[in-house]
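Good morning, and thank you for joining this session. Please take a moment to look at the structure on the screen before I describe it.

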2 protein chains.
Amino acid sequence: MDQIDTPAIMIDLGKVEANLARAQTHADSIGVALRPHIKTHKLPRFALRQIELGAVGITCQKLGEAEVMADAGIADIFVPYNILGAAKLDRLAALNRRVVLSVTADSAVTVAGYAARFSAAAPLNVLVECDTGALRCGVQSPEAALALAYRIAAEPGLRFGGLMTYPPRGRPADAERWLAAAVAQLRHAGLPPPRVSSGNSPDFYQSVAGDTATELRPGTYIYSDRMQVAFGQGGYQDCALTVLATVVSRPTETRVVLDAGSKALAADTCPLPGHGHVVGYPEAVITTLNEEHAIADFAACARRPAIGDRVRIIPNHVCVVSNLFDQVHLVENGVVTGLLAVAARGKLG
Amino acid sequence: MDQIDTPAIMIDLGKVEANLARAQTHADSIGVALRPHIKTHKLPRFALRQIELGAVGITCQKLGEAEVMADAGIADIFVPYNILGAAKLDRLAALNRRVVLSVTADSAVTVAGYAARFSAAAPLNVLVECDTGALRCGVQSPEAALALAYRIAAEPGLRFGGLMTYPPRGRPADAERWLAAAVAQLRHAGLPPPRVSSGNSPDFYQSVAGDTATELRPGTYIYSDRMQVAFGQGGYQDCALTVLATVVSRPTETRVVLDAGSKALAADTCPLPGHGHVVGYPEAVITTLNEEHAIADFAACARRPAIGDRVRIIPNHVCVVSNLFDQVHLVENGVVTGLLAVAARGKLG
């Protein structure tokens with residue numbers, strides 16, 4: 001690791017493997033399908049490993065990611081997004097001929113776009129996106145979900161694929177109540193949902209057997225990050241991705257400046273103060289990110305690194321950090337064993 | 001522009017040209033050299049244009065950027081960074097043979113690293129970085145600047161290049177006082193600084209003839225952004241870079257969801273509320289960024305866009321947005337006329 005130039009992303013394969021296996025075991029134990037979100041890693045290697053361990057397929061947040069994953073041999077891909085416009089619909093149709101594909105809609109406009117582009121010869125699976133309290137996209141009531149499901153089911157080029165939600169973090173019971181009501185209405189109407197897709201990383205281990213969701217889509221769990229730790233999901237020892245940085249300046253006794261700024265760690269905040277956890281220096285606070293510098297306050301630390309020393313930082317939000325680097329280093333038992341291109345990053349649309 | 005898939009970066013060349021020309025005119029009028037920071041655009045085309053308009057050279061924040069710019073034919077490059085470690089020092093030495101290069105140091109450790117790698121045959125220009133109140137890197141007093149200047153001047157492989165600071169935003173007088181004191185000490189000691197490099201975009205137009213700085217390094221001025229507008233530097237009409245996005249969901253009467261999230265707009269905050277300015281909808285507030293969605297509150301807007309409509313967003317902090325995209329579209333008089341690779345993004349170190 002001493003040979004790697006900084007800043008750089010280091011991924012501990014042992015921790016990745018433990019995080020993946022633990023999640024699959026939990027999903028199996030409660031009888032729910034795991035469909036990991038690859039937005040976090042954007043690496044075909046890890047997507048394939050997730051499938052190998054038992055995932056039913058993967059989730060991608062954009063078409064460009066899904067295309068890369070299809071190229072890598074992933075056979076079942078869910079893009080939980082309202083996909084609009086001729087260019088993207090053409091790409092979607094091409095992808096639909098290659099893999100088992102599903103998407104979402106939360107409006108008649110989105111459904112009409114899909115319906116105009118797809119035909120019964122190669123129909124598109126469309127799930128209804130539901131706003132169960134996260135205040136993002138989604139229909140606003142179970143009644144609206146039913147109405148949109150009818151609309152999808154009535155189109156010869158579309159198949160009603162079920163329900164999808166990004167549940168409100170920390171309030172999985174809200175999503176459960178909403179989804180259970182919607183499923184009851186759909187069944188009553190003769191439109192039982194083939195899938196009910198939910199889940200995120202923070203509440204993943206609170207999911208239990210008997211929940212309405214039939215599949216869960218955690219993403220961050222593969223690496224974990226400071227936000228997950230703040231949410232009580234494991235500890236720093238579970239965090240597989242770190243940003244390797246060098247101390248480039250020690251302007252004062254307590255100020256430490258690292259060569260990883262907002263273009264390496266991203267400015268996303270989390271419930272804990274500062275912009276990341278400096279491994280080995282739990283009392284250090286990264287107070288400011290400039291573009292290529294992190295300014296950290298080490299006043300509370302008993303020892304402090306010297307100029308030229310290297311440290312590793314667990315970022316607040318790991319998904320956006322993956323998106324900043326073109327390459328990641330793989331580490332096994334403390335030794336760098338590989339370099340991977342972040343194949344699915346930087347995609348337009 | 002209707003043909004461009006979203007999200008995408010659009011750069012208005014007319015506004016770029018106006019912003020560049022205005023800054024060069026100001027620099028000329030106060031008799032100071034302009035050395036634009038290319039971290040904002042990372043595009044050789046614009047760096048070359050900045051030189052063409054009268055800039056004495058450019059500033060890069062990392063070696064990887066400087067290498068790309070040297071490849072593009074830029075002859076004078078300043079990297080105001082403490083560059084450490086064998087790998088980077090080797091690259092620095094290679095670069096020093098190709099262009100007029102200068103770097104900074106704020107510690108004896110950094111100077112020792114440079115001194116060990118460079119020799120009198122091809123010496124390295126080293127400026128002393130000064131913390132004039134921004135609390136980033138830099139020596140803490142004019143006395144410390146003098147001491148480090150002596151150390152640089154004593155090394156056969158190094159040339160003392162002068163002083164450099166990133167001045168505290170909104171308090172240029174603090175930097176001026178500090179630099180003036182340091183220059184006086186250096187002159188008294190027989191070490192007059194060949195250059196005094198300062199400046200940022202927010203305070204650029206407050207700089208006046210007779211300031212101690214001999215060169216200024218604004219970066220953001222080329223595109224401007226919402227942060228600059230918040231700081232009183234021009235208006236939204238001066239912002240040359242916008243993120244083109246599509247309305248993908250209208251879950252409620254007032255909620256508008258766009259396909260540009262934290263992986264397109266970045267989570268950087270600014271003194272104004274929300275995560276960007278939606279052109280044509282000044283009352284809209286982008287309340288939340290998810291990774292691939294912006295959630296906006298249009299409650300205060302008299303009219304609201306429909307699903308499928310396209311809008312343009314002026315980001316809070318444009319420099320980190322450039323860093324997220326592999327390509328940018330060039331626009332002239334509202335027509336897309338080109339696509340450029342962001343050549344200097346994603347560089348390791």
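Let me begin with one pair of residues in chain A: Leu163(A) has Val196(A), in S8(A), as its bridge partner. Before going further, I should state that this is a predicted model, in which local features need pLDDT of at least 70, side-chain atom pairs count only at pLDDT 80 or more, and totals for chains, interfaces and linings use all residues. Residues are numbered from 1 along each chain as its sequence is written, while chains are lettered from A and ligands numbered from 1 in the order in which they are written.

The strands and helices I mention are DSSP runs numbered from the N terminus, with at least four residues for a helix (H or I) and at least two for a strand (E). Two strands pair if DSSP finds at least two bridges between them.

Strand S7 of chain A covers residues 158-165, and 7 of its 8 residues are buried, that is, with 20 or more other C-beta atoms, placed from the backbone, within 10 Å of their own. What joins S7(A) to strand S6 (residues 124-130) of chain A? The two pair in the parallel sense over 7 bridges; in one of these, Val126(A) is partnered by Phe160(A). From S6(A) the chain passes through helix H6 (residues 142-153) to S7(A) in a right-handed β-α-β crossover. Right-handed here means that, with the strands pointing away from the viewer, the path from the first strand over the helix to the second runs clockwise.

S7(A) also pairs in the parallel sense with strand S8 (residues 195-198) of chain A, over 3 bridges. Helix H7 (residues 172-188) completes a right-handed β-α-β unit with S7(A) and S8(A).

Turning to chain B, we find an open sheet of 8 strands with parallel pairing, in the order S2-S9-S8-S7-S6-S5-S4-S3. Strands S2 (33-34) and S3 (58-59) of chain B each have a single partner strand, so one side of each lacks a neighbour in the sheet.

How are the two chains related? A turn of 180° and a shift of 0.0 Å along the axis lay chain B on chain A with an RMSD of 0.0 Å, superposed by least squares on the C-alpha atoms of residues with pLDDT of at least 70 in both. The two copies are therefore related as by a two-fold rotation axis.

Finally, the interface: 47 residues of chain B are in contact with 47 residues of chain A, meaning that their C-beta atoms, placed from the backbone, lie within 7 Å. The largest share of chain B's side, 3 residues, comes from S10(B).

How values were computed: Buried ≥ 20, exposed ≤ 12 C-beta atoms within 10 Å, placed from the backbone. Contact = placed C-beta atoms within 7 Å.
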